[in-house]
Amino acid sequence: MTAKIFIDGEHGTTGLQIRTRLAERRDIEVISIPTEKRKDPAARAEFLNTADIAILCLPDDAARESVSLIENNTTRVIDASTAHRVAEGWTYGFAEMDKAQGDAIRNAGRVANPGCWPQGPIAFLRPLIAAGLLPADLAVTVNGISGYSGGGRTMIEDYEASRDEAPEFMPYALTLKHKHVPELQAYSGLSGAPLMQPAVGNFAQGMLTALPLQLGHLPRVPTGAELHAALADHYGAITGSVVDVAPLGNAERSGALDPERHNGSNNMTLHVFANDARAQALLIAVYDNLGKGASGAAVQNMDLMIGSDGR
Ligand SMILES: NC(=O)C1=CN([C@@H]2O[C@H](COP(=O)(O)OP(=O)(O)OC[C@H]3O[C@@H](n4cnc5c(N)ncnc54)[C@H](OP(=O)(O)O)[C@@H]3O)[C@@H](O)[C@H]2O)C=CC1
Ligand SMILES: CC(=O)N[C@@H](CCC(=O)OP(=O)(O)O)C(=O)O
């Protein structure tokens, strides 16, 4: 049976990317709401209740409204917004984060697609904390850079109206209350809130997230090789993983740390750098904010839920 997919918010940044990714697919049917009715709750309710899977690419409040409009128990949901990522009854849509997560997504009725910023840090921290190499109470700071498409249609329009004057690098979340802190803490296994220090760059798409680690105070200090081996073991054991681990870094600079490197794909590469003599490590993830950070992950989750190999 062909699965019916409804993208609520299909004309926004994330929705359009999902449409493009699904355009050539023969194993699904995308059911599309007329543009002029896209904010009409009654029309949305009809599409939501007809779909096998509804992918919500909406602001948080509209995503909550969509869920409330579903009256049957057959429509399954993938929500790309922040609304349900730590909500009870929802499964976090990061298939590679541990061995059981792919099956949990496969069987879930409600999947919360992860935010773009937490995915890199969770990809490092969850397996390393589970392996006992890092403690849950580690004080963690996350920094990095994202292309401006991460800010959705409004930020894209703002940048594209005046790119010549826009700063190349702009730190934000300066109140230290970034909306991704709760999901990052919950799924990485940290006992305390990480400090997130994101920045937006004067380029459209792609991102890089970095965790600089001071490890000298730990009762047992893991070496860079141990951190690297634990990550390689973890991702090597996950069937269908789109996360891969680069060889342990030993160069002063690396062209692989280009935030735009994975643009248009759903891949993520994890890099480990270390100075064992100083008990310091630097973990850097490279991925596409609109790929593994949003639309690519949503399609990956949809494929798990309908049991498709993506053709
Ligand atoms: N951009 C990114 O990198 C990522 C975004 N996300 C999340 O995905 C969701 C969508 O973000 P993004 O695509 O960037 O946002 P956009 O602003 O680009 O798109 C949102 C879409 O939703 C529509 N919309 C707004 N309100 C309603 C409503 N009440 N009913 C129906 N449709 C509505 C908008 O229509 P109109 O434009 O006409 O108002 C627009 O088409 C957000 O929750 C965001 O947090 C998640 C991961 C990454
Ligand atoms: C550059 C930029 O502004 N990025 C957005 C996050 C985009 C994203 O992935 O977050 P959601 O899925 O939670 O919307 C921000 O930091 O708020």
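## A loop with an unusual turn

Alanine 279 sits in the loop that connects β13 (268–275) with β14 (280–287). This is a predicted model, so keep that in mind as we look around. The phi angle of alanine 279 is near 55°, a positive value in a residue other than glycine. Most residues other than glycine have a negative phi. Is alanine 279 buried, exposed or partly exposed? Alanine 279 is partly exposed, because 16 other C-beta atoms lie within 10 Å, and being buried takes 20 or more.

Alanine 173 is another residue to look up: its phi is also positive, near 60°. You will find alanine 173 in the loop between β8 (169–171) and α7 (181–188). Alanine 173 has 17 C-beta neighbours inside 10 Å, so alanine 173 counts as partly exposed.

## Helix α7

Follow the chain from that loop and you reach α7. This helix is mostly covered, with six of its eight residues buried. Which residues of α7 are buried? They are Val181, Glu183, Leu184, Gln185, Tyr187 and Ser188. Among the elements that cover them are β5, α5 and β9 (195–197). Just after α7 comes glycine 189, with a positive phi near 90°.

## The open sheet

Now let us turn to a sheet. Six strands build it, in the order β2-β1-β3-β4-β6-β5; the sheet is open and its pairing is parallel. At the edges are β2 (28–31) and β5 (91–92), each of which pairs on one side only. The partner of β5 is β6 (residues 110–112): the two run parallel and are joined by two bridges. Tyrosine 92, for example, has alanine 112 in β6 as its bridge partner.

Helices pack here too. Helix α2 (residues 41–50) touches β1 (3–8), β2 and β3 (53–56), and its direction makes about 150° with that of β1. Helix α9 (residues 291–306) lies across β1, β3, β4 (76–79) and β6, at about 165° to β3.

## Around ligand 1

How many residues surround ligand 1? There are 26, and those that come nearest are Gly12, Thr14, Ser81, Gly152 and Ala294. By type, the shell holds eight nonpolar, 14 polar and four charged residues.

Several helices take part: α1 (13–22), α3 (60–69), α6 (152–161) and α9 each supply at least two residues of this shell. The largest share, three residues, comes from α1.

## Around ligand 2 and cysteine 116

Ligand 2 is surrounded by 13 residues, of which Thr82, Gly115, Cys116, Gly150 and Gly151 are the closest. Its shell divides into six nonpolar residues, six polar ones and one charged. Helices α5 (116–130) and α9 each supply at least two residues to it.

Cys116 deserves a second look, as an unreviewed UniProt entry lists it under "active site". Cysteine 116 belongs to helix α5. Why does cysteine 116 count as buried? It has 25 other C-beta atoms within 10 Å, and the cut-off for a buried residue is 20 or more. Leaving out residues up to four places away in sequence, cysteine 116 touches Ser146, Gly150, Met207, Asn289, Gly293 and Ala294. Two names here may sound familiar: Gly150 is also among the closest residues to ligand 2, and Ala294 is one of those nearest to ligand 1.

Notes: Residues are numbered from 1 along each chain as its sequence is written. Chains are lettered from A and ligands numbered from 1 in the order in which they are written. This is a predicted model: local features need pLDDT of at least 70, side-chain atom pairs count only at pLDDT 80 or more; totals for chains, interfaces and linings use all residues. Two strands pair if DSSP finds at least two bridges between them. Helices (H or I, at least four residues) and strands (E, at least two) are DSSP runs, numbered from the N terminus. Two residues are in contact if their C-beta atoms, placed from the backbone, lie within 7 Å. Axes are lines fitted to C-alpha atoms, for helices over the stretch in contact, and angles run from 0 to 180 degrees between N-to-C directions. A residue is near a molecule or strand if its C-beta atom, placed from the backbone, lies within 6 Å of it. Ala, Val, Leu, Ile, Met, Phe, Trp, Tyr, Cys and Pro count as nonpolar, Asp, Glu, Lys and Arg as charged, and the others, Gly among them, as polar. UniProt positions are given in the numbering used here, feature names are shortened, and annotations may be inferred rather than shown by experiment. A residue is buried if 20 or more other C-beta atoms lie within 10 Å of its own, exposed if 12 or fewer, and partly exposed in between; C-beta atoms are placed from the backbone.
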